[in-house]
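Student: Please take one part of this model and look at it closely. I would like to know where it sits, what surrounds it and how far the model can be trusted.

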Amino acid sequence: MSTPTGPASGLPVRMPRPRQSGRHRRPEPVVAPEGAAALVLAVPGTPSSATRSLAEEVISIARSELPGLHARIGYLDGDDEHPALASVLTHTSAERTARYEQAVAAGRDVSAPEGPSAVVVPLLAGPDSAIVRRIRQAVMDSGTQVELTDVLGPHPLLAEALHVRLSEAGLARADRARLFTVATAADGIVLATVGGEEAVQAAGITGMLLAARLAVPVMAAALDVDGSVTAIAEQLRGAGAAQLALAPYLVGPEIDASLLEAAAKEVGCATAEPLGAYPAIGKLVLSLYATALGITPATPQGAPAR
C-alpha cells in the first residue's frame, strides 16, 4: 500500500549504478543536496495498482539518476490507498520542518530550510490545460510553498520512446540502419494526445522528430476532440499512407484506455502501447526537478524541443 511518504515496502527499488574503477571510470554522480525540496510526481487519472506501479517505477528511475533524492507521489484523484496531491504536499512541508527541528535539537549546525518545500512535476507528456489547472488548484489547496514545473514534452527523448513502443508492437523497424523490413510496419502514424488544440500543436513538434526517425509521415490528433483522429487518418490516407498506426503520445494514467481502443477501431488501425515507465520518462521528470532547483544531475541526451 502506498503512503504519503513513498512506495510500499517490499517493492523492488532501482539502485544507483556501481562506480567503475580505473582510469576511465565515470565521474561520481551528483547527489541530491541535503535539505533539498522533495520531488512530488503529480499523477492524473483514476488511481489503480497499475498506475501506482508505473509512478513508482518513474520515481525509481529518477532516484537511480540522483542518489539521495527525496521523492513522493501525489494523485489528483486520491483515495484511501493513493494519497491526494494536496495532502502529500502538506505532509512533505511538515516533514521538512520536522527534519530541521530534529537536526537543531541534535546540535547539528544546519541552515533553516529556504525555497520551496517541493517541486511538483506533472506526469504528462503534453499540455492538458484541464489537468494542469487541477494540479495548480491542489498546490494552492496545500497552502505550501511549491514550485510547479512544465510538462515533460516536447522532447527528443519522447520521440525515441514513441519509436520504441511502435517497434515493440511490430509497427516500425527498431533501427533504420538495419536492412530488414517489418511486414506490419506502418507507413503513416497518428500521434494521439489529449488536451485539445494546444496539445496537438505541442505533440506535432515531437511528431516531426518521430517522422525523421521513421521516415514516414506523422500527424497529431486529439483523442478528446470529436472527429480529430478520423480527420487526421483521412489526411494521411489521402497523402498515400495505406497502413496506419496509432501512437499514444501519453504516459498512460491521464486517459481511460478504452478511448485509445475506440479510436484505433474507428480508423481501422493497430495501436502501440502508451509511453508508460520508459526510462526517458523518469529522466525527464528528474531533469525538470533539477532545473527548478538549479542542480545538475546527468542530463538527458537531446536538447528539449521547446
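Tutor: Helices and strands here are DSSP runs, with at least four residues for a helix and at least two for a strand, numbered from the N terminus. By that count the protein chain has eight helices and eight strands. The model is predicted, with a mean pLDDT of 86 for the chain, and 84% of the residues reach 70 or more. Residues 4–11 fall below 50, although this stretch has 14 contacts in the model beyond near neighbours in sequence. Where pLDDT is low, the predicted coordinates should not be read in detail.

The part to look at is Glu 254 and its surroundings. Glu 254 lies in the loop that runs from strand E7 (244–248) to helix H7 (257–267). What does a buried Glu 254 have in place of a salt bridge? The nearest side chain of opposite charge belongs to Arg 165, 12 Å away. A salt bridge requires a side-chain nitrogen of Lys or Arg within 4 Å of a carboxyl oxygen, so that distance rules one out. The side chain of Glu 254 does reach backbone nitrogens: that of Val 251 at 2.9 Å, and that of Gly 252 at 2.7 Å. Leaving aside residues up to four places away in sequence, Glu 254 touches Pro 44, Leu 124, Ala 125, Ile 131 and Val 194.

Two names in that list, Pro 44 and Ile 131, turn up again among the contacts of Leu 76. Leu 76 sits in the loop between strand E2 (71–75) and helix H2 (85–105), and it counts as buried because its relative accessibility is 13%. Apart from residues up to four places away, it also touches Val 43, Leu 85, Arg 134 and Ile 135. Its C-alpha atom is 8.3 Å from that of Ala 86, 10 residues along the chain.

The two elements that flank the loop of Glu 254, E7 and H7, also help to cover helix H6 (residues 228–238). Its buried residues are Ser 228, Val 229, Ile 232, Ala 233 and Leu 236. They lie on the same side of H6 because they cover an arc of only 130° around the axis. Strands E5 (188–193) and E6 (218–222) are also part of the cover over these residues. On the face turned away from the buried side are the exposed residues Glu 234 and Gly 238. After H6 comes Gly 240, which has a positive phi near 110°.

Ala 215 also has a positive phi, about 60°, although it is not a glycine. Its place is the loop between helix H5 (196–214) and E6, and it counts as exposed because its relative accessibility is 51%. Another backbone detail is the cis peptide bond between Gly 153 and Pro 154, with omega about 0°. Pro 154 belongs to the loop between strand E4 (146–148) and helix H4 (156–168).

For the chain as a whole, 48% of the 306 residues count as buried. Among contacts with a separation of 6 or more, 77% join residues 24 or more positions apart. One example of distance in sequence is Glu 65, 217 residues from Gly 282, with 8.9 Å between their C-alpha atoms. Glu 65 is in helix H1 (residues 49–65) and counts as buried because its relative accessibility is 9%.

Technical notes
Residues numbered from 1 in each chain as written. Predicted model: local features only at pLDDT ≥ 70, side-chain atom pairs only at ≥ 80, totals over all residues. Heavy atoms only, no water. Buried < 20%, exposed > 50% of the residue type's maximum accessible area, 1.4 Å probe, protein only. Lys, Arg positive; Asp, Glu negative; His and termini not counted. Polar contact = N/O pair within 3.5 Å; in protein donor to acceptor, adjacent residues only side chain to side chain. Contact = heavy atoms within 4.5 Å. pLDDT = per-residue confidence, 0-100. Arc of directions from axis to C-beta.
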